[in-house]
Amino acid sequence: MMAQRLVSEAFGRADDYDAHAGVQQQVAAMLAHAVAMQALPPTPRVLEIGCGTGFLGAALMPLLPDARWVMSDLSPAMLARARARFAGHDRVDYRVMDGQAPDVNGPFDLIVSSLAFQWFDDLGAATARLDSLLAPGGLLAFTTMIAGSFAQWRAAHEDAPCGLADYPDGADLRAMDFAVREVELTVEGGGRGFLRHLRGIGADVPRAGHRPLSAGQLRRVIERFDSQGGRATYRVALCLRQNAAAQ
C-alpha cells in the first residue's frame, strides 16, 4: 500500500528518533506498567507491533524477564535499530512486517504496540486479525493517538488545510470492547519546534490527498500557533482487551 510505504520511508529517515521522542518514551513506559499489572503466563510469548527503536521493549523486558519476543516493524531501518539495542538478548526474533497484515505464526500470550496503531487504515479489522493470533486468555494491549490530538496546531490552520491525520475517538475504542484510559502529554517549543519534532520521529506523513502549504501559509500557521502558546498536546489512549475466546 502506498500509504504504508510512505510511513515506512518516513520512519526510516528518522535517524535521530530517540532524541525527539520524549513523549513516545513516556507512553511506552506507561504501557509497560499497565501490561505488567495483568495476569500473564510465567514465560509469555510476546508479539510487538511497530517496535521502533525499542522503547517499549526496554521498558517491558525487565518486567517480563522470561518472555520470548517477536519484535516487528514496518520500517527495516527502525527494526535494525531495535536489533542493535537488544543485541545481548537471545529471546528476541525480528520481523519486518505490516501489523495490519501480520504474517507470523501464533499463538501469543501478549500482543503489544505503542503509538503505531494510529497509522492503520482500519483499526477494527486490524485488531480482529491480531486477536486471531492470541492464545486463549491472551491480551492485546496498545496505545494510540486519539481525537483531539494537536488541537492547537489544527486550530492555527484557520484559513489553510491541515495535513494531520484524523484519529479515533476514545468512545469508538470503548465500543470495540477495549478498556481505555486517556492521557494528555504536551510538546513545547513553538511551531517550528513542533515541526522538527514530527520530522524527528518520522511522523510528518500528511493525510492522503493533502497538498503542502505555501511558504506564506505555513508562516501564518506558525505565527498563530506561537501566539496561542506554542504548545501541542498529544491525546493518547491506553487500550487493553483480553482474547474473547477466554471470556
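Me: How do S5 and S7 pair, parallel or antiparallel?
Reply: This is a predicted model, so take the geometry as computed. Strand S7 covers residues 232-242 and is joined to S5 over seven bridges. In one of those spots, Met145 has Val236 in S7 as its bridge partner. The sense of the S5 and S7 pairing is antiparallel.

Me: OK, and how many residues of strand S5 are buried?
Reply: Buried here means under 20% relative accessible area. Strand S5 runs over residues 134-145, twelve residues in total, and is largely enclosed by the rest of the structure because so many of them are buried. The count is ten.

Me: Which residue in S5 stands opposite Ser114?
Reply: Look at strand S4, residues 108-114, which runs parallel to S5 with six bridges between the two. Ser114 faces a partner in S5, and that partner is Thr143.

Me: Which helix does the chain go through when it crosses from S4 to S5?
Reply: S4 and S5 run parallel. The crossing between them is a right-handed β-α-β crossover. Its helix spans residues 123-131 and holds Arg129. That helix is H6.

Me: Is Arg129 buried, partly exposed or exposed?
Reply: Its relative accessible area is 38%. Buried would need under 20% and exposed over 50%, with partly exposed in between. So Arg129 is partly exposed.

Me: How far apart in space are Arg129 and Ala101?
Reply: In sequence, Arg129 and Ala101 are 28 residues apart. In space, going C-alpha to C-alpha, the distance is 7.6 Å.

Me: Let's move to S2. Which residue in S2 does Arg45 stand opposite?
Reply: Strand S1 is residues 45-49, and five bridges join it to S2 in parallel. S2 itself, residues 68-73, is mostly covered, with five of its six residues buried. Opposite Arg45 in S2 is Arg68.

Me: And which residue in S3 stands opposite Ser72?
Reply: S2 also pairs with strand S3, residues 92-96, in the parallel sense over five bridges. Ser72 has its opposite number in S3, namely Arg95.

Me: Which helix sits in the β-α-β unit with S2 and S3?
Reply: S2 takes part in a right-handed unit with S1 and helix H4, residues 55-60. With S3, S2 makes a right-handed unit as well, and the helix there covers residues 76-85. That helix is H5.

Me: Last one: how many residues of helix H9 are buried?
Reply: H9 has eleven residues, 190-200, and is largely enclosed by the rest of the structure because most of them are buried. Among the buried ones are Phe194, Leu195, His197 and Leu198. The count is eight.

Technical notes
Residues are numbered from 1 along each chain as its sequence is written. This is a predicted model: local features need pLDDT of at least 70, side-chain atom pairs count only at pLDDT 80 or more; totals for chains, interfaces and linings use all residues. Side-chain values use heavy atoms; hydrogens and water are left out. Helices (H or I, at least four residues) and strands (E, at least two) are DSSP runs, numbered from the N terminus. Buried means under 20% relative accessible area, exposed over 50%, partly exposed in between (1.4 Å probe, protein chains only). Two strands pair if DSSP finds at least two bridges between them. A crossover is right-handed if, with the strands pointing away from the viewer, the path from the first strand over the helix to the second runs clockwise.
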